[in-house]
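Biologist: Could you walk me through this one? I'd like to hear the cut-offs behind the labels.

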Amino acid sequence: MAPGSRGERSSFRSRRGPGVPSPQPDVTMLSRLLKEHQAKQNERKELQEKRRREAITAATCLTEALVKTLQVQAAQFAKQTGQWIGMVENFNQALKEIGDVENWARSIELDMRTIATALEYVYKGQLQSAPS
């Protein structure tokens with residue numbers, strides 16, 4: 001018989017002997033290994049998906065906490081800014097009042113000088129007209 005013919009194959013199988021398993025258990029073993037591999041892949045995918053969902057949840061919680069903190073700090077900054085604006089406005093008003101008082105004092109000083117000059121003029125006039 002030519003190599004590769006049926007007669008040779010059957011004689012090859014017969015050479016295995018009684019302790020060598022037939023090809024069928026090898027197929028079953030490969031099938032079982034494939035199923036185990038696929039099951040492990042599915043477990044890994046599920047675990048990865050679970051971790052992804054947990055990461056998204058954690059990121060969402062972190063973002064919400066940061067936004068709340070930012071809102072509180074922004075409100076505090078706005079309040080503080082309002083206080084600063086109030087202080088500056090009060091300071092400006094005080095400066096205006098000081099300027100008003102200064103102008104009032106200059107006006108009074110000018111009036112007093114005018115009165116003093118007039119009194120001095122009258123007094124000198126009285127001294128010159130008084131009999132000696």
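Modeller: Let's start with a cut-off: a residue is buried under 20% relative accessible area, exposed over 50%, and partly exposed in between. Keep in mind that this is a predicted model.

Biologist: Okay, what makes Glu-49 partly exposed?

Modeller: Its relative accessible area is 30%. Partly exposed is the range between 20% and 50%, so Glu-49 gets that label.

Biologist: And how do you know that Glu-49 forms a salt bridge with Arg-52?

Modeller: The closest N and O atoms of Glu-49 and Arg-52 are 2.5 Å apart. The rule asks for a side-chain nitrogen of Lys or Arg within 4 Å of a carboxyl oxygen of Asp or Glu, so the pair qualifies. In general, side chains of opposite charge can pair when their charged atoms come close.

Biologist: How are Glu-49 and Arg-52 placed along helix H2?

Modeller: They sit 3 residues apart in helix H2, so about one helical turn separates them. Arg-52 has 43% relative accessibility and therefore counts as partly exposed.

Biologist: Why are Glu-49, Arg-52 and Arg-53 called a network?

Modeller: Salt bridges link Glu-49, Arg-52 and Arg-53. Besides the bridge from Glu-49 to Arg-52, the side chains of Arg-53 and Glu-49 meet at 3.7 Å, N to O. The limit is 4 Å, so that contact passes too. Arg-53 and Glu-49 are 4 residues apart in helix H2, about one helical turn. Arg-53 is partly exposed, at 45% relative accessible area.

Biologist: What makes Arg-32 and Glu-36 a salt bridge?

Modeller: Their side chains meet at 3.1 Å, N to O, and the cut-off is 4 Å, so the label holds. Both residues lie in helix H2, 4 residues apart, about one turn of the helix. Arg-32 is partly exposed at 43%, and Glu-36 at 36% is partly exposed as well. By this rule the count comes to 6 salt bridges.

Biologist: Switching to nonpolar side chains, which residues form the nonpolar patch on the surface?

Modeller: Val-101, Trp-104, Ile-108, Met-112, Ile-115 and Leu-119 do, with about 630 Å² of accessible area together.

Biologist: Why can Ile-115 belong to a patch, given its relative accessible area?

Modeller: Ile-115 has a relative accessible area of 45%. Patch residues need over 30%, so Ile-115 clears that bar. Against the 20% and 50% limits, 45% falls in between, so Ile-115 is called partly exposed. Ile-115 is found in helix H2, which covers residues 23-129.

Biologist: What does the whole chain look like in terms of helices, strands and burial?

Modeller: The chain has 2 helices and 0 strands. Of its 132 residues, 0% count as buried. About 12500 Å² is exposed, with carbon and sulfur atoms supplying 61% of it.

Biologist: And what is the average pLDDT of the chain?

Modeller: The average is 85, and 80% of the residues score at least 70. Over residues 4-14, though, pLDDT stays under 50, and the model has 4 contacts there beyond four places in sequence.

How values were computed. Residues numbered from 1 in each chain as written. Heavy atoms only, no water. Buried < 20%, exposed > 50% of the residue type's maximum accessible area, 1.4 Å probe, protein only. Areas by Shrake-Rupley, 256 points an atom, 1.4 Å probe, with all protein chains shown as cover. Patch = residues over 30% accessible without salt bridge, like charges linked within 9 Å, V, L, I, M, F, W, Y side chains within 5 Å. pLDDT = per-residue confidence, 0-100. Contact = heavy atoms within 4.5 Å.
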